[in-house]
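Q: Please take a close look at a single part of this model, and then work outward from that part to its surroundings. I would like one connected account, with a word on how far the prediction can be trusted.

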Amino acid sequence: MKKFLLLVIFINSFSFQKIYAQTFNGGFGYILDNQEVAIPVIVSGLPNVIDSTFGLKKVCVSLHHTYDSDIKLIVRSPDGDSVILSGNLGGAGDDYTNSCFHEDATNFINNGTPPFTGDWKPVLPNSINTLNNGQNPNGTWYFCVKDEVPND
């Protein structure tokens, strides 16, 4: 069975008391049973270092999938570091609909129920800020979806 997903990554730059944000969009993809799909998101034109004042702010996704607990959502930076946004949650429920993962969210995705909609902190103990580690943000980021169970 094929599943559909869309990804948006927001990288913010904080400078001179103003907030500048750039949005980078990934493509569309299909997830097959018991496989992983990695959607590339090309980032360019940013300063060469991300840290606590400039870095990855938010990852948003819309994903149609039956039985959400089969899947794991991961964002991987150009230097190979990764953060699990959500993993094996939601039981037999379906879909992530306009779901945004960021550290300013009020609730952890662990406490949500499908369809996962709105703003969420990544699954405990993960943090998007882990990726704001001084690396160069320019390059290819990946949004990965793993379907970890066959036959659905």
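A: What follows begins with the confidence of the model, turns to the disulfide as the chosen part, and then moves outward to the core and the loops.

This is a predicted model, and the protein averages a pLDDT of 84, with 84% of the residues scoring at least 70. Two stretches fall well outside that description: over residues 1–7 the pLDDT is below 50, although the stretch has 45 contacts in the model beyond its near neighbours in sequence, and over residues 10–19 the pLDDT is likewise below 50, with 29 such contacts. Where pLDDT is low, predicted coordinates should not be read in detail, and the contacts of residues 1–7 and of residues 10–19 are therefore best left as bare counts under that general caution.

The part chosen for close reading is the disulfide, and the structure holds one. The two partners are C60 and C100, whose sulfur atoms lie 2.1 Å apart. The torsion about the S-S bond is about 110°, and the disulfide is right-handed because of that value. The pair links distant parts of the chain, since C60 belongs to strand β4 and C100 to strand β7 (residues 96–101), 40 residues apart. Both ends of the bridge are buried by the cut-off of under 20% relative accessible area: C60 has a relative accessibility of 9%, and C100 has a relative accessible area of 12%. Another cysteine, C144, is also buried, with a relative accessible area of 0%.

The strands that carry the disulfide also take part in the nonpolar interior. The largest nonpolar core has 30 residues, and those touching the most other members are L73, L85, Y96, F101, I109, W141 and V145. The elements that give two or more residues to this core are β2 (18–31), β3, β4, β5 (71–76), β6, β7, β8 and β9. Strand β4 gives the largest share, five residues, and β4 is also the strand in which C60 sits. In soluble globular proteins, nonpolar side chains tend to be buried together. One of the well-connected core members, I109, can be followed in detail: leaving aside its neighbours within four places in sequence, I109 is in contact with L85, S86, L89, Y96, F101, F116, W120, K121, P122 and V123. Of these partners, L85, Y96 and F101 are themselves among the core residues that touch the most other members.

Strand β7 deserves a further look for its backbone. N98, which lies in strand β7, has a positive phi of about 50° although it is not a glycine. N98 is exposed, with a relative accessible area of 53%, whereas C100 in the same strand is buried. A second asparagine with such a backbone angle is N88, whose phi is about 55° although it is not a glycine; N88 lies in the loop between β6 (82–87) and β7 and is partly exposed, with a relative accessible area of 35%.

Further along the chain come two cis peptide bonds. The bond from P114 to P115 is cis, with omega near -5°, and P115 is found in the loop between β7 and β8. A cis peptide bond also joins L124 and P125, with omega about 5°, and P125 lies in the loop between β8 and β9.

That loop between β8 (116–120) and β9 (139–147) also holds N132, which counts as buried because its relative accessibility is 13%. A polar atom of the N132 side chain lies 2.7 Å from the backbone nitrogen of L56. Leaving aside its neighbours within four places in sequence, N132 is in contact with I50, D51, S52, G55 and L56. N48, in the loop between β3 (36–43) and β4 (54–64), counts as exposed because its relative accessibility is 53%. With neighbours within four places in sequence again left aside, N48 is in contact with Q135, N136, P137 and N138. From C-alpha to C-alpha, N48 and Q135 are 7.4 Å apart in space, although 87 residues separate them in sequence.

Key
Residues are numbered from 1 along each chain as its sequence is written. This is a predicted model: local features need pLDDT of at least 70, side-chain atom pairs count only at pLDDT 80 or more; totals for chains, interfaces and linings use all residues. Side-chain values use heavy atoms; hydrogens and water are left out. Helices (H or I, at least four residues) and strands (E, at least two) are DSSP runs, numbered from the N terminus. Buried means under 20% relative accessible area, exposed over 50%, partly exposed in between (1.4 Å probe, protein chains only). A polar contact is a pair of N or O atoms within 3.5 Å; within protein, one must be able to donate a hydrogen and the other to accept it, and residues adjacent in sequence count only if both atoms are side-chain atoms. Contact means heavy atoms within 4.5 Å. pLDDT is the predictor's confidence in each residue, from 0 to 100. A disulfide is a pair of cysteine sulfur atoms within 2.5 Å. A nonpolar core is a set of buried Ala, Val, Leu, Ile, Met, Phe, Trp, Tyr and Cys residues joined through side-chain atoms within 4.5 Å.
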